[in-house]
Every structure is written in structure tokens, then in C-alpha cells.
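Visitor: I am new to this structure and would be grateful for a close look at a single part of it. Please take the surroundings of the ligand, and then show how that part sits in the protein as a whole.

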Amino acid sequence: MRTLTDSATHADDPDTLRARLAVDGYLYFRGLLPPDVVVAAGAEARAMLAARGWADTEERHSGATPGAVDAREAVGDPADRRAAGWPEFNRLPYLRPLRSLVRSLLGEDAFSYPLKVLRAVHPEGDRIPQGRYVHQDYMGLVVDDMLTSWIPLMPIPRQLGGLAVLPGSHLGAPPPVHVLDVDRAEAEGWASTDFSIGDVLLFHCLTSHAALPNLGDQLRLSQDCRWQSAHHPAPERVIYGPRAERDGEAMHRLLGSQPWWEPVPATLRFQPDDLRDGRTVASSRFFPVAYLERWAEGVRTHRL
Ligand SMILES: O=C(O)CCC(=O)C(=O)O
């Protein structure tokens, strides 16, 4: 497996970052965030999950109570919902080094979605978590040039199943959805690294990515969060949350009084949720997109 290219020394150089994003489809920053804040977020999430029997406080996996196998199941798990609503965890995308960096790429009207995903991934067993499947985030949300930030909440060596990306995959046809086969990934040129506290992996919504298997005996904790420019309409459900009785921006009631909280831009327009059922054509301001049509029944790409 190739090692992710570190762009930390170019964090203040948006032209270089845009050029790298256009070629590789991702940007990786070693040590971008203050470690103490990330450690606090991880410790808080772990303690809350532990209180519900997900893992003990030493981070070891508790076999007795498997918990949710992936983020979708976790939404229905009170322990995970509580951990994902805690301030230290939510604060990470609002930290200046990350927020300014994303804005230098997407523009000053860029914002992070109010809902952040807490991934608590158990050692690999019979049930494979969603994140292990090769996918592109565009397919779920249909927002041009949406970026995802992936933040390890603990040191995540490859053995613990960090995230891997396929550099350059944003320029071609999306692969069929399948579980990442690590041996095959070697040959195909996938890239990952041994992640440390403070690292951030940022990738484009057309970039294929997947988690490596967790072959350790610890619960692997990370956060992923999505970003877009307010120039593009946003899917309503990612701003207001999945519930039918919507009463304003998700998380606002819980976190709106935090000094770091920023509401989504007032100018933001919305795209109907049923866009998922229709035809869409992707485009990017960073690179020419292989003509990509997304229909309800799947995705077709054509080289122009
Ligand atoms: O962290 C994981 O296991 C998967 C993350 C992922 O697929 C994503 O952020 O889109």
C-alpha cells in the first residue's frame, strides 16, 4: 500500500493544494490540529461509549456488547448518539487550521455540515461495516466539490483499520461497490498511512475510498464530516437532520451556545431530497470530471 503524501508544509498555499487535489483527489495533513483538543474529543467519545459497554476505558474491544457495526446502525444507538452530540467531538471542524484551510480551497462561504459522523469500528468480524466498502461520497449526497474531512480520534496505525484512498480515482469511472481487498489494493495503488492524533485527511467527493480492516483488539475511533460551498444547494436532510419534525439546523439547540459554533450560511439554498431518485450530472471547479451521470438505479460514466 502506498503512503499518503503529506501536504502539511503547504497548508498556507492554496494554489499548491488545489493542484494536488486536482491530481490526487485527496490532501493529507500530518499534525494540522492541536493534539490536546483531538485527544479530549477522543477520550470523551470513548468514555461515553464505554459507559454503555461498547469498549472498556483502556480502549480494548469489549466482545460482550458488540454495539452498532456502522454509522447507520449507530444512529439508533443511544450511546453513540450521545457521544456524537458532545461538544468536544463537534468542535473539531470549527478549529481554525482546518476551517481556514477548507475555505482557502472552496471559498469563504464554505461550511461544514452540522452533523458529524462518529465511527466506532470494532475489530473485523463477520459483519462488515459500511466504511469497508469502496465508495464515493458524491453518490449519497449529490453535491459538486463536496469535501470530506476524516480525523483520527486516537493513533490509528494501518493495523487498526484507518482510511485508504485511491489516488486519481476521481478522474475516472467509479468502481462497483465492493469491500476493499487489501491485497488487491496493493496492486491497484491505494494509499493510506499510520495516522496520528492531529492528522486530517481531506478528500474530494468523487474520490474512491474505504476503511482498511481493523485487525487489532481495540475499538477504532474517528470522525468524518462533510463540507461544501454555499454556492451550491445543500441536501435538506444533512442540514436539518433525518427527522420529520424539523425545528431548525441540526445540533443547533445542543451546541448553538458554544463560542465556536457557526450556523450554516443564511444564503444557503436547498436541493430536494428526492434528487436522489433522479438524474444528476457531476462537475468540478478543480478538474474535468469524466461525464458522470447518476441515476436512481446507479451511476454511468462516459469519457468525453
Ligand atoms: O471511517 C470509516 O470507516 C469510513 C469513512 C468513510 O467512508 C467516509 O468518511 O466517507
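Guide: What follows begins with the ligand shell and then moves outward to the rest of the protein. Please keep in mind that this is a predicted model.

The shell around the ligand consists of Arg119, Val121, Gly131, Asp137, Thr148, Trp150, Leu163, His209, Ala211, Ser222 and Asp224. Sorted by class, these residues comprise 4 nonpolar, 4 polar and 3 charged ones. Four strands each contribute at least two residues to this shell, namely β4 (117-121), β5 (147-152), β9 (209-211) and β10 (220-229).

Strand β4 deserves particular attention. It is largely enclosed by the rest of the structure, because 5 of its 5 residues are buried. Both of its faces are covered: on one side lie Val117, Arg119 and Val121, on the other Leu118 and Ala120, and all of them are buried. Two residues of the first group, Arg119 and Val121, also belong to the ligand shell. Strand β4 is paired with β10 in the antiparallel sense, over 5 bridges. Within this pairing, leucine 118 has glutamine 223 of β10 as its bridge partner, and the ligand shell includes Ser222 and Asp224.

Strand β5 is preceded by a loop that begins after α7 (138-141), and aspartate 145 is found in that loop. Most residues other than glycine have a negative phi. Aspartate 145, however, has a positive phi of about 55 degrees. Aspartate 145 counts as buried because it has 25 C-beta neighbours inside 10 Å, where 20 or more are required. A positive phi, near 75 degrees, also occurs at methionine 251, in the loop between α9 (236-240) and α10 (252-255). Methionine 251 counts as partly exposed, since it has 18 C-beta neighbours inside 10 Å.

Two further residues make contact with members of the shell. Valine 165, setting aside its neighbours within four places in sequence, is in contact with Gly25, Tyr26, Trp190, Ala191, Phe203, Thr207 and His209; of these, His209 is one of the residues around the ligand. Serine 192, in strand β7 (residues 191-192), touches Met1, Leu4, Arg158, Gly162, Leu163, Ala164 and Leu212, not counting residues up to four places away in sequence. Leu163 is likewise listed in the ligand shell. Serine 192 is itself buried, with 25 other C-beta atoms within 10 Å. Its C-alpha lies 7.3 Å from that of glycine 162, although the two residues are 30 apart in sequence.

Valine 165 leads on to the interior of the protein. The largest nonpolar core has 70 residues, and those touching the most other members are Ala45, Val102, Leu147, Ala164, Val165, Val200 and Leu201. Across the protein, buried residues account for 41% of the 304 residues. The fold contains 10 helices and 15 strands. Of the contacts between residues at least 6 apart in sequence, 81% join residues at least 24 apart.

A word on confidence completes the picture. The average pLDDT of the protein is 86, and 81% of the residues score at least 70. Residues 62-66 stay under 50, and the model has 8 contacts beyond four places in sequence for them. Where pLDDT is low, the predicted coordinates should not be read in detail.

Terms used:
Residues are numbered from 1 along each chain as its sequence is written. This is a predicted model: local features need pLDDT of at least 70, side-chain atom pairs count only at pLDDT 80 or more; totals for chains, interfaces and linings use all residues. A residue is near a molecule or strand if its C-beta atom, placed from the backbone, lies within 6 Å of it. Ala, Val, Leu, Ile, Met, Phe, Trp, Tyr, Cys and Pro count as nonpolar, Asp, Glu, Lys and Arg as charged, and the others, Gly among them, as polar. A residue is buried if 20 or more other C-beta atoms lie within 10 Å of its own, exposed if 12 or fewer, and partly exposed in between; C-beta atoms are placed from the backbone. Two residues are in contact if their C-beta atoms, placed from the backbone, lie within 7 Å. A nonpolar core is a set of buried Ala, Val, Leu, Ile, Met, Phe, Trp, Tyr and Cys residues joined through C-beta atoms within 7 Å. Two strands pair if DSSP finds at least two bridges between them. pLDDT is the predictor's confidence in each residue, from 0 to 100.
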